[in-house]
Amino acid sequence: MRRRTESRALLTIVVFLILCGLSYGRFISDQFDIVSDGFSASRVPDFLRLPAAEENCEQSYGFLPCTSTALGNLFLIAVYGYLMYLAATYLSTGSELLLEILGPGIVGGLFLPILGALPDAMLILVSGLSGSAETAQSQVSVGMGLLAGSTVMLLTAIWGTCIIVGKCDVENGVAIDSRDTKAFSLTGSGITTDVYTSYAGIIMAISVIPFVIVQLPQILHSNSGRHLAVLISLVVSVSLLISYCLYQVFQPWIQRRRLAYTKHKHVMSGILKHLKKRALGRLSREDGRPNEDVLRDLFEAIDENKDGYLSYSELKALIVGIHFNEFDMDPNDAVAKVLKDFDTSQDMRIDIDEFISGIGGWLTEARGATTVSNHADSMKYIDEFHTQTKREHDQLGEQNDETVEAVDNPRWISTKAGLLLLLGTAIAAAFADPLVDAVDNFSSATNTPTFFISFIVLPLATNSSEAVSAIIFASRKKIRSASLTFSELYGAVTMNNVLCLSVFLALVYIRGLVWDFTSEVLVILIVCVVMGVFASVRTTFPLWTSLFAFALYPLSLALVYVLDYVFGWS
């Protein structure tokens, strides 16, 4: 992977030098009627004048080639788009290297989301900075097309593809890791994510609030207050950006705390289920109180040396004998959890009264967490509590699934990460403006609205690296990998909705541009809210959900076209 990145960096430099060299070459144009062989240049079809630096086009930075023909601008879009793809790749690779060294937290919460959205933000920024206010108003639709296109592509085409490549057999509402025997069953195969992926989907849906605020004047059919609505939406968008970054910073700590609590409940449910099997009667009486006679017999069975106490070693033997096969349980950690709940005297051992009191507390908690009506039947509510706890643990996800290896030569890795981030940022900054110009010129040459070109083409350049990474990771066919894949997709859309929108709103407000993107905003709202609700109400996604996601992409394009060019919304 790293050798591939280095070769790409070299290829980028070569492409850049060739592109710059083209500006010094001789181009076919209309300045000469007759060339040396007597052939009239006026007979050359327009579409063949690909690299021509015509009199009616402006060279970006004064030296990059330009053209006014459709085929020529298509060539430039391909070249500049590839360079933006390389920029996104370098930023992604550099971020991953930095994460290997510094770990999650500030790096994972602040830098990675921002760097991931940097190419899109750069394109949006230059689309509104070019030339006069009239020119910016014309080109800013490129930024809106990119913003909407990135969001829709990630939540439809990429989302659906990840479902297909990551599908496993679904049994009892949960996908079974690494088992894919049901082919393309629309309901029998799919993926399962953890509960934090659902949280990411909910956050994504909340992040569309600034879009609603900026649209309020249009919704109310009011021409006054539009500038103020843009300012308020900008403030809200920046606030959401800061809040989201803080959440990302502290999320690993929150996740570890919740996972530790779930493991504690799993120890509790596992021991209760084990004691219930060994007991010669019910653990609790008809009134719900612990059955002391039965618990005394269990205590004596566990107390191997018959000293009237359960020692650390005796508790550990009990834990080891239970066999927590559902997940990796450290026996020492499990014993510590039992002592924390039972050992009220804090002498590192448990007497009979502490044992009865502790088991009674666990039984009360288990009854309160289940929906079994007949609580006296300990078999039912303990089994349900055990199943429920296992389900919660699966939803939270195990954190040691992806091992973290020590980094060799961290100084070199840090330097390489910094250089890749610098190169990616430089490429994005240098070629964002020429790419926007090429899209605008291609739109003029083909009489195609710039929104549709930027909606379809530009996200392929800025998000393709992220998309390929997500698809490859989803193909591991595990709950953990699926959770990370879809969390990243939701996170990328959230950054589009807060960071990229903040840049867009700042341009509109500072330059005094007109916000006239009702249909585009409606598409973003529909896709984000629908997929956000999808993620919030379920953690298992059967294969049929991918077909639903795929259908949203052409429907989004058709909706914008109908609203803008049939009903004249814009």
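Two residues are in contact, in the sense I will use today, when they have heavy atoms within 4.5 Å of each other. With that in hand, let me say that the structure we are looking at is a predicted model, and that among its contacts between residues at least 6 apart in sequence, 73% join residues at least 24 apart.

Let me stay with the whole chain for a moment. The protein chain has 570 residues, of which 51% count as buried, and its secondary structure comes to 19 helices and four strands. The chain exposes about 26500 Å², and carbon and sulfur atoms supply 61% of that area.

Now, please find helix α17, which covers residues 479-511. How far apart are the end C-alpha atoms of this helix? They are 47 Å apart, and because 33 residues at 1.5 Å a residue should span 48 Å, the model agrees with the expected value. If you follow α17 along its path, you will also see that the helix bends by about 35 degrees at leucine 501. As for its surroundings, 25 of the 33 residues of α17 are buried, so the helix is largely enclosed by the rest of the structure. After α17 comes glycine 512, and the phi of this glycine is positive, near 70 degrees.

Let us turn from the helices to the strands. Four strands make up an open sheet in the order β2-β1-β3-β4, and their pairing is antiparallel. Its edge strands are β2, at residues 174-175, and β4, at residues 540-542, each of which pairs on one side only. Between β1, residues 168-171, and β3, residues 189-192, there are two bridges, and these two strands run antiparallel. If you would like one pair to look for on the screen, take cysteine 168, whose bridge partner in β3 is glycine 190.

I would like to finish with a single residue, threonine 545, which lies in helix α19, residues 544-565. Is threonine 545 buried or exposed? Its relative accessible area is 0%, and because a residue counts as buried when that value is under 20%, threonine 545 is buried. What does its side chain reach? The side chain of threonine 545 comes to 2.5 Å from the backbone oxygen of proline 542, and residue 542 is also where the edge strand β4 ends. Leaving aside residues up to four places away in sequence, threonine 545 touches Trp159, Ile163 and Phe534.

How values were computed: Residues are numbered from 1 along each chain as its sequence is written. This is a predicted model: local features need pLDDT of at least 70, side-chain atom pairs count only at pLDDT 80 or more; totals for chains, interfaces and linings use all residues. Side-chain values use heavy atoms; hydrogens and water are left out. Buried means under 20% relative accessible area, exposed over 50%, partly exposed in between (1.4 Å probe, protein chains only). A polar contact is a pair of N or O atoms within 3.5 Å; within protein, one must be able to donate a hydrogen and the other to accept it, and residues adjacent in sequence count only if both atoms are side-chain atoms. Two strands pair if DSSP finds at least two bridges between them. Accessible areas come from the Shrake-Rupley method with a 1.4 Å probe; for residues, only the protein chains shown count as cover. The expected span of a helix is 1.5 Å times one less than its number of residues. The bend at a residue is the angle between axes fitted to the seven residues ending there and the seven starting there.
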